[in-house]
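Trainee: Could you walk me through a few features of a model? I'd like to learn how to read them one at a time.

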Amino acid sequence: MFANGRIWIAYLIVFLSSACTLVIELIAGRIMAPYLGVSLYTWTSIIGIVLAGMSVGNYLGGRVADRAPSRRTLGLIFLAAGIASLGILVVTDLVVAARLPLSILPRIVFYTTAIFFLPSLVLGMVSPVVVKLVLADLGRTGSTVGTIYAVSTVGSIVGTFLTGFWLISWLGTRMIVWGVGGSLLLIGLAVGDFLRPRRGLGIVALTGLGVAAAFLLEVRGALSGITWRAVELFALPAVLLGPALILAGGLRWRRIATGSGGVAIAIAALVGLGWSIGHYRAPCRIESDYFCIQILEATAGGRGARSLMLDRLVHSYVVLDDPTVLGYGYERAYAELTAMHAAGRTGLDTLFIGGGGYTFPRYVEAAFPHASVDVIEIDPAVTRATYEHLGLSRGTRIRSFNHDARAFLLEWADQKQYDIIYGDAFNDLSIPYHLTTVEFNRMLVTRLKPDGIYLANVIDKLEGGEFLKAYANALRRVFPHVHILARSDDLLPFDRNTYVILAGRHPLDRARLAAATSAEPSLRTVVLPEARLAAYLASGRALTLTDDFAPVDQLLANLFVERGN
């Protein structure tokens with residue numbers, strides 16, 4: 001039904017549908033990040049569920065293509081896909097508010113299935129119908145189908161690069177959903193000829209006028225209560241049942257098919273009304289290429305503060321007018337170790353791998369006036385948020401470099417060496433594995449002065465956890481002396497805590513550390529005894545992280561399984 005001279009329309013259709021599928025798949029990770037974090041498990045679930053939806057959609061699309069191969073059928077599929085895509089907004093709000101009593105791994109699979117399976121399924125129905133409509137000459141079946149799949153793959157590639165390199169940072173995930181849903185609805189109206197028949201055009205026009213009137217009254221405040229109730233009652237069933245009703249009803253009864261365009265627009269308008277009263281928004285103040293960034297009011301050290309939340313983790317607490325207030329125990333351990341190492345020095349050169357809210361870089365700048373402070377923070381939006389919302393002065397001595405730390409250190413022409421390098425790039429249980437390996441540690445040691453030290457914070461269990469042990473083993477392959485430290489109460493064997501790892505070329509001077517640490521026993525920074533450290537590192541699987549073998553997410557799997565809401 002696509003004549004030879006217009007077969008380009010078929011190619012354009014599969015190109016756009018495949019591009020939309022990959023756009024949805026990519027933004028899925030960013031949509032889930034504030035609620036589930038970003039890890040191998042979230043991406044495994046997203047990719048698996050999207051592929052499962054496409055697989056079922058391919059099967060159902062083939063059945064539909066054999067039964068009713070027409071452009072109207074194709075238009076109905078696009079209308080259903082548009083509604084299912086807009087349903088991402090509605091279903092996300094519902095499932096994240098449900099607070100289901102599931103541990104993290106089942107919750108990841110459930111959230112991903114509930115939100116992304118249906119749009120993937122409906123979009124998967126497109127290609128079989130297009131193939132059926134194009135195959136007029138069986139003698140060219142191979143070349144025709146091959147071209148369709150090639151164009152579909154190119155669409156997937158374009159959708160991938162467009163989203164990852166441009167759309168997320170420009171529009172944000174929710175506006176991308178609106179763009180995808182709206183585009184699919186427009187394609188459906190055009191391809192299915194729903195704007196051509198008088199009845200179909202009339203239904204679409206009347207629906208459009210009703211939508212315009214509703215929005216106008218809503219803006220004036222005349223319908224706020226009615227709109228809120230309508231959205232609460234009807235939005236979810238509309239986006240879940242609407243695609244099935246449009247497809248099943250439209251395929252079975254022509255009169256229903258004629259009005260499907262108006263029904264689809266009405267459902268989209270209902271979601272739009274919910275959007276206009278504040279529903280379905282991202283929880284982020286800023287959506288960057290890397291994080292959902294939130295700035296929250298908080299307390300630190302009994303004082304009013306602001307906190308920086310990156311995805312689901314509160315990364316930093318900042319007291320705007322006093323950078324010496326530290327909110328986390330590991331930061332106080334960093335402060336004591338820094339004071340120990342700075343004693344007797346006229347200057348102090350420091351490098352931070354990961355900036356976050358710049359809490360500790362600001363502390364070093366304030367507490368050590370002669371110190372130099374360099375920060376490698378991968379996300380420029382995080383650095384901007386720190387200047388704009390977290391009190392970092394434009395006149396600061398802190399130098400910021402917005403790059404991946406490993407790539408930056410590899411390419412940085414300045415061969416400056418540091419007294420202390422701080423590792424603060426491990427975001428909750430989301431850990432950039434390439435910053436944990438033996439090979440990266442060899443890069444670090446070249447950036448340290450002969451008596452310099454490397455400090456990193458790690459969330460794990462001392463007993464029963466595996467990542468802390470494997471990371472310490474990777475450091476021991478490069479540094480002669482490696483120690484695990486914590487607040488005294490955090491060295492309990494079976495509790496999940498944040499630990500500090502110290503690595504250097506020279507032995508730790510425990511007397512100097514004792515002189516620098518707190519006099520309060522429960523607040524003291526203590527070192528895991530050598531005998532216990534040796535036994536710990538030799539227990540269980542003696543793994544060492546390398547570029548070829550860094551199963552970081554698997555080593556943290558027990559923490560994922562145990563973690564609830």
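Trainee: Which residues form a nonpolar patch on the surface?

Mentor: Bear in mind that this is a predicted model. The patch is made up of Val154, Ile157, Val158, Phe161, Leu162, Phe165, Trp166, Trp170, Leu171 and Met175, which together have about 990 Å² of accessible area. Helix α6, residues 141-171, gives the most to it, with 9 residues.

Trainee: Why does Phe161 count as partly exposed?

Mentor: Partly exposed covers the range between under 20%, which is buried, and over 50%, which is exposed. Phe161, found in helix α6, counts as partly exposed because its relative accessibility is 48%.

Trainee: And is His389 buried or exposed?

Mentor: Buried means under 20% relative accessible area. His389 has 19%, so it is buried. This residue is found in helix α14, residues 380-389. Leaving out residues up to four places away in sequence, His389 touches Arg285, Ile295, Arg306 and Leu320.

Trainee: How about charged residues: which side chain of opposite charge is nearest to Glu25?

Mentor: That is Arg30, 15 Å away; Glu25 is buried yet has no salt bridge. Glu25 lies in helix α1, residues 7-36. Beyond its neighbours within four places in sequence, its contacts are Trp43, Ile46, Ile47 and Val50.

Trainee: Last one: what pLDDT does the chain average?

Mentor: The average is 86, and 87% of the residues score at least 70. Over residues 216-220, though, the pLDDT is below 50, and this stretch has 7 contacts in the model beyond near neighbours in sequence.

Note on methods
Residues numbered from 1 in each chain as written. Predicted model: local features only at pLDDT ≥ 70, side-chain atom pairs only at ≥ 80, totals over all residues. Heavy atoms only, no water. Patch = residues over 30% accessible without salt bridge, like charges linked within 9 Å, V, L, I, M, F, W, Y side chains within 5 Å. Areas by Shrake-Rupley, 256 points an atom, 1.4 Å probe, with all protein chains shown as cover. Salt bridge = Lys/Arg side-chain N within 4 Å of Asp/Glu carboxyl O. Helix = DSSP H or I, 4+ residues; strand = E, 2+ residues; numbered from the N terminus. Buried < 20%, exposed > 50% of the residue type's maximum accessible area, 1.4 Å probe, protein only. pLDDT = per-residue confidence, 0-100. Contact = heavy atoms within 4.5 Å. Lys, Arg positive; Asp, Glu negative; His and termini not counted.
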